[in-house]
Amino acid sequence: MAVLSSGPDLKYTSATLVDRRDSGVTIPLRFISPPPFPVWPRLLVAALNIFVLLACITIMAILAHSLHNYSGTKDIRFGGTTISWPTNLNLYPTYLFLATSATSVAPSLLAAFLNVRRRKFHSCSTMEKALAFVSGVLVLIWIAADVTQGVSERSPKADILSWACRRRDSPTNVLVSYASVCDEQQAVKYLAVVITIAESGALVVSILVWHLVKRWSGLVKEPWRITA
């Protein structure tokens, strides 16, 4: 099958190619149409970003409630001794989860908006590439937060999660809702792992979109082909 590239001296109609350099001789041809660009990868990225957004907001709300319970009960004393929370309680994992969730909100919202509102699915903007880079950084931060929480639970210095879960059946539970705080912190812990997986998935699919865009761009350059 011979291949004839179009140029300024060539004029094509729906079924024939007219070469004006050869007195209007017509040549039957067909155009190799590129396959439609898949839409599902961008929709999947948008869905993952929306999930991460909602999950981050949920984590912030839960942590705010837990910290409110802690701050309102940390000075309960009996006989001059604090009986609710240790004075050297490790709050770093909680604050790290809170900061990471707050940092993830804006990129997730913007990425979801760009993917949902995009009209041309076969291109990638500079903003999308920048957001993908930010997503990669956030994946590392979420992993660090997950690891920090796991290490903190095994540390001699108690954090909110480990202290509340160890004392959920304590008599002082009538004064401090350890069971509620334990359940909330457990939910944050597991939800953070799910967010890490979802953020990683969004990053992987974004890289897949770049690959598909590059491949599709090559297919649209397919020349006219002579059929006779």
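**Entry 1: Tyr70**

I started with Tyr70, which is buried, with a relative accessible area of 12%. The cut-off for buried is under 20%, so a residue below that value gets the label. I note here that the model is predicted.

I then searched the whole structure for aromatic pairs and found 3. One of them joins Tyr70 and Trp85: the centres are 5.5 Å apart, the planes stand at 80 degrees, and the pair is edge-to-face. Tyr70 belongs to helix α1, while Trp85 sits in the loop between β5 (81-82) and α2 (92-117), so this pair ties together parts that are 15 residues apart in sequence.

**Entry 2: Trp85 and its other partner**

Next I looked up Trp85 and asked whether it is buried or exposed. Trp85 counts as buried, at 2% relative accessibility. Its ring also pairs with that of Tyr178; the centres are 5.3 Å apart and the planes are at 65 degrees, so I wrote this pair down as edge-to-face. Here the link runs between distant parts of the chain, with Trp85 in the loop between β5 and α2 and Tyr178 in helix α5 (residues 178-219), 93 residues apart. Tyr178 is buried, as is Trp85. I recorded Tyr70, Trp85 and Tyr178 as one aromatic cluster.

**Entry 3: Ser66**

I went back to helix α1 (residues 40-73), where Ser66 is found. Ser66 has 1% relative accessibility and therefore counts as buried. What does the side chain of Ser66 make a polar contact with? The partner is the side chain of Gln185, at 3.0 Å. Setting aside neighbours within four places in sequence, I listed Val181, Glu184 and Gln185 as the residues in contact with Ser66.

**Entry 4: nonpolar cores**

I looked up the largest nonpolar core, which has 20 residues. Cys56, Ile59, Phe97, Trp142, Val188 and Ile195 touch the most other members. At least two residues of this core come from each of α1, α2, α3 (126-153) and α5. Which helix gives the largest share? That is α1, with 8 residues.

From this core I picked Trp142 and checked what it touches. Not counting residues up to four places away in sequence, Trp142 touches Cys56, Ile59, Phe97, Thr100, Ser101, Ser104, Ala192, Ile195 and Thr196.

I also noted a second, separate core of 13 residues, with Leu91, Ala164, Val176 and Tyr178 among them. Tyr178 is thus in my notes twice: as a member of this core and as part of the aromatic cluster with Tyr70 and Trp85.

Terms used: Residues are numbered from 1 along each chain as its sequence is written. This is a predicted model: local features need pLDDT of at least 70, side-chain atom pairs count only at pLDDT 80 or more; totals for chains, interfaces and linings use all residues. Side-chain values use heavy atoms; hydrogens and water are left out. Helices (H or I, at least four residues) and strands (E, at least two) are DSSP runs, numbered from the N terminus. Buried means under 20% relative accessible area, exposed over 50%, partly exposed in between (1.4 Å probe, protein chains only). A polar contact is a pair of N or O atoms within 3.5 Å; within protein, one must be able to donate a hydrogen and the other to accept it, and residues adjacent in sequence count only if both atoms are side-chain atoms. Contact means heavy atoms within 4.5 Å. Rings of Phe, Tyr and Trp (its six-membered ring) pair if their centres lie within 6.5 Å; planes under 30 degrees apart count as stacked, over 60 as edge-to-face and the rest as tilted. A nonpolar core is a set of buried Ala, Val, Leu, Ile, Met, Phe, Trp, Tyr and Cys residues joined through side-chain atoms within 4.5 Å.
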